[in-house]
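Colleague: I have a model open and would like to learn how to read it. Can we go through it feature by feature?

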Amino acid sequence: MKRFRNQVDRFVKVTAFIFISATISPSVHADTYIVGAQNIKYYPYYNFSSDHEKGLGWAILEAFSKKSGHEFVYLSMPVKRLQIELKKGNVDFVFPDNSRWYDQITHGLKKVYSKPLTETFAVTLVKSENVGKGMNHISRITTPDGFSPVKWEQQIRQGNVDVTGVEGIYDGLRLLQDKKVDALDVEYNAALHFIRRFPQMGPFTADLTLPHNVVTFSLSTLKYPDIVDELNAFLVSESDDINKIKAKYGIEDTKKLIDRLMKEQGISENTRWKPL
């Protein structure tokens with residue numbers, strides 16, 4: 001609660017700054033926008049609560065800001081509040097967002113989504129010694145709070161899989177390391193960030209015979225589709241520079257990553273997991 005009050009105080013200060021700036025120069029008001037961002041530490045993709053390095057999504061938006069002249073102020077807040085504040089008009093954009101994520105707050109409104117700023121690769125991480133043992137080997141999985149293991153929905157509903165929520169990815173890796181769970185439902189690059197920091201854990205592998213899928217992260221808005229159009233054009237025209245930014249954050253092209261993992265695990269498209 002204290003943390004959220006601090007976020008509210010920050011929002012008030014940001015709003016006051018924009019109002020004061022508008023009285024001095026109308027152009028500042030026209031080109032300064034508030035981006036509501038998830039307050040989840042999801043590095044390398046984003047960590048908007050950080051005072052310094054905020055991750056890939058921030059880096060791409062800042063590159064767009066430099067190119068377009070639009071200024072973005074980032075306000076980190078709980079996931080459930082993002083769409084509420086977008087609907088109220090207290091934030092101008094939300095990141096990350098996805099047109100496939102159902103949200104009852106803004107459902108039915110004319111929300112506009114940008115082209116994906118990046119792809120993410122949600123996988124089932126297991127201890128390397130257990131790769132290829134199949135779905136029947138998995139009865140306990142864990143996932144970070146704020147995320148839902150939707151790929152395991154049928155097994156969970158049938159009572160074949162139990163889910164344990166953890167505060168963060170590191171906690172999930174610890175449970176997997178200690179064999180308290182059979183798998184971790186997680187984004188590949190986000191998990192890799194921690195695995196590199198703590199090489200004493202593992203080894204772990206994203207088992208492609210188990211549930212996995214590609215999820216995209218976009219910027220959304222209710223009021224500024226013209227800015228989204230500008231961003232879309234930027235994502236196309238500056239694709240080479242954006243790929244350099246992704247490389248800086250260690251983000252591998254998803255298709256190449258999948259091909260590499262399939263080769264390492266000795267599986268084909270026939271044996272790779274597919275949704276029912």
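Modeller: Start with D185, which is buried, with a relative accessible area of 7%. The cut-off for buried is under 20%. Keep in mind that this is a predicted model.

Colleague: Where is D185 placed?

Modeller: D185 sits in strand β8.

Colleague: Which side chain makes a polar contact with the side chain of D185?

Modeller: That of K151, at 2.8 Å. Now widen the view. Setting aside neighbours within four places in sequence, D185 is in contact with V123, T142, T143, P144, S148, P149, K151 and W152.

Colleague: Let me try P211. Is P211 buried or exposed?

Modeller: P211 is buried, with a relative accessible area of 0%. Its place is the loop between β9 and β10 (213–221).

Colleague: What is P211 in contact with, leaving aside its neighbours within four places in sequence?

Modeller: The residues are V123, T124, M135, K151, W152 and W273. V123, K151 and W152 also appear among the contacts of D185. There is a distance to check as well. The C-alpha atoms of P211 and L125 are separated by 9.7 Å, and these residues are 86 apart along the chain.

Colleague: What does the whole chain look like?

Modeller: The secondary structure comes to 10 helices and 10 strands. Of the 276 residues, 47% count as buried. Now take contacts between residues at least 6 apart in sequence: 74% of them join residues at least 24 apart.

Colleague: On to charges. How should I read a salt bridge?

Modeller: Side chains of opposite charge can pair when their charged atoms come close. This structure holds 14 salt bridges. One of them joins E238 and K67, at 3.6 Å from N to O. E238 lies in the loop between α8 (225–237) and α9 (239–248), and K67 lies in helix α3 (residues 56–68), so the pair ties together parts that are 171 residues apart in sequence.

Colleague: Which relative accessibility does each partner have?

Modeller: E238 has 17% and counts as buried. K67 has 59% and counts as exposed.

Colleague: What about the salt bridge of K111 and D97?

Modeller: Their side chains meet at 3.0 Å, N to O. K111 is in the loop between β3 (93–97) and β4 (112–113), while D97 is in strand β3, and the two are 14 residues apart. K111 counts as buried at 13% relative accessibility. D97 counts as buried too, at 2%.

Colleague: And how do I read a salt bridge within a helix?

Modeller: An α-helix has 3.6 residues a turn, so residues three or four places apart point the same way. Here the case is D259 and K255. Both lie in helix α10 (residues 254–265), 4 residues apart, about one turn of the helix. Their closest N and O atoms are 3.2 Å apart. D259 counts as partly exposed, at 39% relative accessibility. K255 counts as exposed, at 59%.

Colleague: Which residues are joined into one network by salt bridges that share partners?

Modeller: E252, R260 and E264.

Colleague: Next, helix packing. At what angle do the axes of α6 and α7 cross?

Modeller: Roughly 70°, and the axes come within 10 Å. Angles from 65 to 115 degrees count as roughly perpendicular, so α6 is roughly perpendicular to α7. In the sequence, α6 covers residues 169–177 and α7 covers 188–197.

Colleague: Which residues meet there?

Modeller: From α6, they are I169, Y170 and L173. From α7, they are A190, A191, F194 and I195. By class, this contact has 7 nonpolar, no polar and no charged residues.

Colleague: Which residues of α7 are buried?

Modeller: Y188, N189, A190, A191, L192 and F194. A190, A191 and F194 are thus on both lists, buried and meeting α6. The buried residues of α7 pack against several elements: β5 (118–127), α6, β8 (183–187), β9 (204–206) and α10.

Colleague: One last feature, the helix cap. What caps the N-terminal end of α7?

Modeller: E187 does. One of its side-chain oxygens lies 2.7 Å from the backbone nitrogen of N189. N189 is itself among the buried residues of α7.

Colleague: Let me repeat the charged pairs. E238 and K67 meet in a salt bridge, and so do K111 and D97. D259 and K255 form one within α10.

Modeller: Right. Add D185 with K151, which I read as a polar contact between side chains.

Definitions and conventions: Residues numbered from 1 in each chain as written. Predicted model: local features only at pLDDT ≥ 70, side-chain atom pairs only at ≥ 80, totals over all residues. Heavy atoms only, no water. Salt bridge = Lys/Arg side-chain N within 4 Å of Asp/Glu carboxyl O. Buried < 20%, exposed > 50% of the residue type's maximum accessible area, 1.4 Å probe, protein only. Axes fitted to C-alpha atoms, helices over the stretch in contact; angles between N-to-C directions. Parallel < 35°, antiparallel > 145°, perpendicular 65-115°, else oblique. Contact = heavy atoms within 4.5 Å. Nonpolar A, V, L, I, M, F, W, Y, C, P; charged D, E, K, R; others polar. Polar contact = N/O pair within 3.5 Å; in protein donor to acceptor, adjacent residues only side chain to side chain.
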